[in-house]
Amino acid sequence: MSFWHNDALENKQSNWSKFKPSGLFLQAFLAFWLTIISILLLLVALSHLQPEQLETKPLRGKLLDSMSHLTHSIERLVNKKQKPVEKVIAHPRFNQHKWLYLAHENIEQSISSEENKQDLDLSLLHFQTSNMPLFIATERYFAYGPFPIRLGNEQYQLYQVKPIRENPLLMRVKMLPFWLKALAILLPSILLSVLFSRRLVAPLNSLGSSAKALASGQLDARVNIPKRRNDEITTLMHDFNHMADKLEQSVMTHKQLLADVSHELRSPLTRLTLANALAQENASEQQLTYLARIEKEAQCLDKMLADILTLSRLEHGQNSLHMQQVSFATLLDNVMLDAQFEAEQMGKNLTSAAPPMLTLMCDGALLSSAIENVLRNAIKYAKNNVKLSFSVSKQAVEISICDDGEGVSDNALAQLCQPFFRTSQSRNRDSGGIGLGLAIAKRAIFAHHGNLAFQHNQPQGLVVKITLPI
């Protein structure tokens, strides 16, 4: 019963963790609303920085006709019937639902049909120089005009004023220029989006790089986990590092077991070889045939165990290198002599350019063995021709070994240097070794800070490139 209770409790906790304050859900939620609030605050700030402005557009339609008729009516009553201006514009006939304002060039002589209880800044209308009637919008009121009107000996500009009931702050924001509105929207959106994206993507890029390194064989690849971060990505990083620890432990245990078994097999193999040699002293001719076969198989087994131990030492960095200055041409002489002899025995043609005259700081025996391994592999699988060429740069020398064999598939190309990997599924010795030669060669070249790469040859075959630092 307690098991199911604990399981249910863990499920509830995992569900709650999706919405915990440090989770990505809340971070995305806060980033969205922070962007919205920042946009609003920037719009308000810009609206306060902007001086009070007018927006105008031509007045048309029925409103234009109504205001023109009103202007003529006021002129007729004041000029022909000698009615006081104040009483005319304050009359219910004209003043009903309308606030009329007669703007004079001397602002103190301007006349209003209503008391300015809302303290509207009507002086803005005195700065209009247009000769045509306009619809004028300010932050606190609309106005229709000007309509030139002459009352007695004075010239006025007639406006109808309509106070705005909306919040002045909202109107100020509405009246901002388009480019300022666009700036207020784009600036916070871009900045906050970049910040949030970097916070989200940076650890994922780090995780991806570590995953690629682990996949390429770097078993010590780990993710650096941020100390002040605790969300789903951090949990994923911890899980990745835990997985990498288990994987490295498993691989190292496997390699150590292989090395230990190989080492322990050397003793019984030595005794077997010694017993076989003693048996050959008193054996008949027919028995010698079988004993010779046993000796040959024992030698093959001894070579196999030696290769496994060499690979194990190279992978664990236990193989001490005897570094010294070695002539590159001298290094290749013995390799080329043996390879040339083997190629002739197999009826194949081996050609080589002259090695460049330079010296390398290397372990001559280990490096020549690695190059020989690659070269013999090319001779083995070539149909007719194998070619060596060299290129030298300021920092490295590159050896290219090309053959015209059948080549390998793209999938096999990436696995050629894996221990015990063979393109043929057959494990008999006639079809090839146990798949350790190229693995040892690669580790030996890596131990010299070089590189071993494979690519397809055209029209067929394989190109192996060995790069060594000078």
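How many residues does the hairpin use to join S10 to S11? I looked this up before anything else. The hairpin runs through 3 residues between S10 and S11. I note here that the model is predicted.

**Entry: strands**

I followed S10 in both directions of pairing. S10 and strand S11 (residues 396-403) are antiparallel, with 7 bridges between them. For one position in this pairing, I found Ser389 opposite Ser400 in S11. I then turned to strand S8 (residues 349-352), which pairs with strand S10 (residues 385-392) in the parallel sense over 4 bridges. Here I picked Thr351 and found that its bridge partner in S10 is Lys387.

**Entry: nonpolar cores**

Which residues of the largest nonpolar core touch the most other members? I wrote down Leu350, Leu375, Val386, Ile401, Phe454 and Ile466, out of 46 residues in that core. Helix H11 (residues 364-381) gives the most to this core, namely 8 residues. I also noted a second core, separate from this one, with 21 residues; Ile74, Val85, Leu100 and Ile149 are among them.

I took Leu350 as an example and listed its contacts, leaving out residues up to four places away in sequence. Leu350 touches Met336, Ala339, Gln340, Ala343, Leu375, Ile379, Val386 and Leu388. Two of the names on that list, Leu375 and Val386, I had already written down for the core.

**Entry: salt bridges**

I counted 4 salt bridges in the model. I went through some of them by name.

Glu248 and Arg222 form a salt bridge through their side chains, at 2.7 Å from N to O. This pair links distant parts of the chain, 26 residues apart: Glu248 is in helix H8 (residues 232-281), and Arg222 is in the loop between helix H7 (178-215) and H8. Are these two residues buried, partly exposed or exposed? Glu248 is partly exposed, because its relative accessibility is 25% and the class begins where buried ends, at 20%. Arg222 is partly exposed as well, with a relative accessible area of 24%.

Glu297 and Arg293 form another salt bridge, and their closest N and O atoms are 3.2 Å apart. Both are in helix H9 (residues 285-315), and because they are 4 residues apart, about one helical turn separates them. Glu297 is partly exposed at 29% relative accessibility. Arg293 is also partly exposed, at 46%.

Where in the chain do Glu342 and Arg376 lie? Their side chains meet in a salt bridge at 2.8 Å, N to O. Glu342 belongs to helix H10 (residues 328-345) and Arg376 to helix H11, so the salt bridge ties together parts that are 34 residues apart in sequence. Arg376 has 40% relative accessibility and counts as partly exposed. I closed this entry with a network: Arg222, Asp245 and Glu248 are joined by salt bridges that share partners.

**Entry: surface**

Last, I looked at a nonpolar patch on the surface. Its area is about 640 Å², and it is made by Phe29, Leu30, Phe32, Trp33, Ile37 and Leu41. I checked Phe29 in more detail and placed it in helix H2 (residues 24-49). Phe29 has a relative accessible area of 43%, so I entered it as partly exposed. Phe29 can belong to the patch because patch residues need over 30% relative accessible area, and Phe29 has 43%.

Notes
Residues numbered from 1 in each chain as written. Predicted model: local features only at pLDDT ≥ 70, side-chain atom pairs only at ≥ 80, totals over all residues. Heavy atoms only, no water. Patch = residues over 30% accessible without salt bridge, like charges linked within 9 Å, V, L, I, M, F, W, Y side chains within 5 Å. Areas by Shrake-Rupley, 256 points an atom, 1.4 Å probe, with all protein chains shown as cover. Helix = DSSP H or I, 4+ residues; strand = E, 2+ residues; numbered from the N terminus. Buried < 20%, exposed > 50% of the residue type's maximum accessible area, 1.4 Å probe, protein only. Core = buried A, V, L, I, M, F, W, Y, C linked by side-chain atoms within 4.5 Å. Contact = heavy atoms within 4.5 Å. Pairing = 2+ DSSP bridges.
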